[in-house]
Amino acid sequence: MGQKVLLSSKEINIILHRLACQLLENHQDFKNTVLIGLQPRGIFVAQRLYKILQEEYGVKHIDVGVLDITFYRDDFRRGDKPLEATKTKIDFLIEDKNVVLIDDVLYTGRSINAALTALQSFGRPSEVELLALIDRRFSRHLPIQPNYRGRQVDAIDGEKVKVMWKENEGEDVIYLINR
Amino acid sequence: MSELSVHHLLGIKYLKESDIQLIFETADHFKEVINRSIKKVPSLRDITIANVFFENSTRTRLSFELAEKRLSADVINFSASQSSVKKGETLIDTVNNILSMKVDMVVMRHPNPGAGIFLSKHVKASIINAGDGAHEHPTQALLDSYSIRERLGDVAGKNIVIVGDILHSRVALSNIFALKLQGAHVKVCGPKTLLPKHIESLGVGVETNLRKALEWCDVANMLRIQNERLDISYFPTTREYTQQFGVNKKLLDSLDKEIVIMHPGPINRGVEITSDVADSKQSIILNQVENGVAIRMAVIYLLASKIKQ
């Protein structure tokens, strides 16, 4: 099993800043926009973007939620491993809001499909956008594309993209792993 | 751990402590779900569940049905009073007939202890025991412990007294198993005639003085006097029972600490507890009902995840 560094800490930082600027360009003061990180790994991206937007670009208030999609997944009882739920915390209304769904890796699109279904339980947003730090193109099972992408990667099915975060794994780095 | 160690929920006796914790953690997520504006998830859209009730039930049955519907399962209801059981059909035949309609899971209440265990050995479906005679009522015990955990933070190390008709109570037995498994200290309290012989062998204390029991405990679970099961006279009159084992506000206020009051329902107001106790802020009776749906969703979800396609 070999692995190579796809993005270093410095590159991740530059990309996050670019994504923050793109969000800022489209959503200005975030009065009508909420960020929702997908459990379990999208929440780190959401938190980083939130921090950059607040601390470096002076956005005063942004609603940030975390969404768990376990109960909405389409592979319940289909895999060897049981699905393990995690916490959902969306303590604001998304009715008529612009929602930016945030995940670390966009692969088959099935998680996003489940997330779109899950979102309906919290109201009817006026618009939903998707931000993915890594977009594995050519791997999609569903017609889902990101509005904001950090880096596009051509990875084959046997490969895995692993995103690691300082707060969780000790360093910011993204690996492409050959399984 | 993310998987139950069992394929059926027949009784707390067959669970491990880690199973209970997994059910509680899953119930936490479902509790958040049932407080959303849309209280439904699509997880079990390809699962069919039969609620088979050979004994009357209102809240347990409603709670199970709601839990199943919140998980998007297809639900069929069957009650013995309107069925071929009256015409002499056996339990296995009845259930196999239901299963031939492609049912994946059976929630069963039955007057005979062990009915669920018997069924699990003879039919191909996941069985949930919703009460079998005076044996077990596992989901009630789980929701009771979950409600204690919610109010007091933890069950381990807490003093819990179960008051009333222990002899005929499946709620008491399942609660004893569940509480002991989680490391709580348990006492039972009631008239001697309603306390089973050798109950101490389950590791519980026995107290026949209600005041002493309440002074000792953090939580009092007040059981209903099950008039329908009292085949002989176990105490002289209901009035005398209430005088000795009923909890009223005056008694609660005279204790030097604030204890939590629970009741599995339905309440005989003025018998086990008075109305002002049932409706006081010390009572978590309605929380128990709300938690019942979340716990049953968790149990059904976790068992369904073990049914392979």
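**A shared core and its surroundings**

In this predicted model, the largest nonpolar core takes in 139 residues. The residues with the most contacts inside this core are L101(A) and I102(A) from chain A, together with I23(B), M105(B), V106(B), A220(B) and A298(B) from chain B. When it comes to who supplies the core, helix α11 of chain B (residues 285-304) gives the largest share, with eleven residues. Both domain 1 (12-136 + 289-304) and domain 2 (138-284) of chain B chip in residues, so the core lies between them. In soluble globular proteins, nonpolar side chains tend to be buried together.

I23(B) is a handy place to look at the packing. Setting aside neighbours within four places in sequence, I23(B) is in contact with L142(B), I295(B), A298(B), V299(B) and L302(B). One of these partners, A298(B), is also among the residues with the most contacts inside the core.

Now for how chain B is split up. The chain is divided into domain 1 (12-136 + 289-304) and domain 2 (138-284). Taken over C-alpha atoms, the centres of domain 1 and domain 2 of chain B are separated by 25 Å. Across the boundary, 21 residues of domain 1 of chain B are in contact with 19 residues of domain 2 of chain B. On the domain 1 side, the elements giving two or more residues to this contact are α1 (17-33), β4 (126-132) and α11 of chain B. By class, that side of domain 1 is a mix of nine nonpolar, six polar and six charged residues.

Over in chain A, strand β4 (residues 98-106) has eight of its nine residues buried, so β4(A) is largely enclosed by the rest of the structure. This strand has a parallel partner in β2 of chain A (residues 33-38), with five bridges joining β2(A) to β4(A). Within that pairing, V34(A) has V99(A) as its bridge partner. Strand β5 of chain A (residues 127-136) also runs parallel to β4(A), and eight bridges join β4(A) to β5(A). Here, V100(A) is bridged to E129(A) in β5(A). To get from β4(A) to β5(A), the chain passes through helix α3 of chain A (residues 110-119), making a right-handed β-α-β crossover.

Finally, there is the contact between the two chains. Chain A puts in 16 residues and chain B puts in 16 residues. Sorted by class, the side of chain A that touches chain B comes out as seven nonpolar, five polar and four charged residues.

Note on methods: Residues are numbered from 1 along each chain as its sequence is written. Chains are lettered from A and ligands numbered from 1 in the order in which they are written. This is a predicted model: local features need pLDDT of at least 70, side-chain atom pairs count only at pLDDT 80 or more; totals for chains, interfaces and linings use all residues. A nonpolar core is a set of buried Ala, Val, Leu, Ile, Met, Phe, Trp, Tyr and Cys residues joined through C-beta atoms within 7 Å. A residue is buried if 20 or more other C-beta atoms lie within 10 Å of its own, exposed if 12 or fewer, and partly exposed in between; C-beta atoms are placed from the backbone. Helices (H or I, at least four residues) and strands (E, at least two) are DSSP runs, numbered from the N terminus. Domain bounds come from an automatic or database domain assignment. Two residues are in contact if their C-beta atoms, placed from the backbone, lie within 7 Å. Two strands pair if DSSP finds at least two bridges between them. A crossover is right-handed if, with the strands pointing away from the viewer, the path from the first strand over the helix to the second runs clockwise. Ala, Val, Leu, Ile, Met, Phe, Trp, Tyr, Cys and Pro count as nonpolar, Asp, Glu, Lys and Arg as charged, and the others, Gly among them, as polar.
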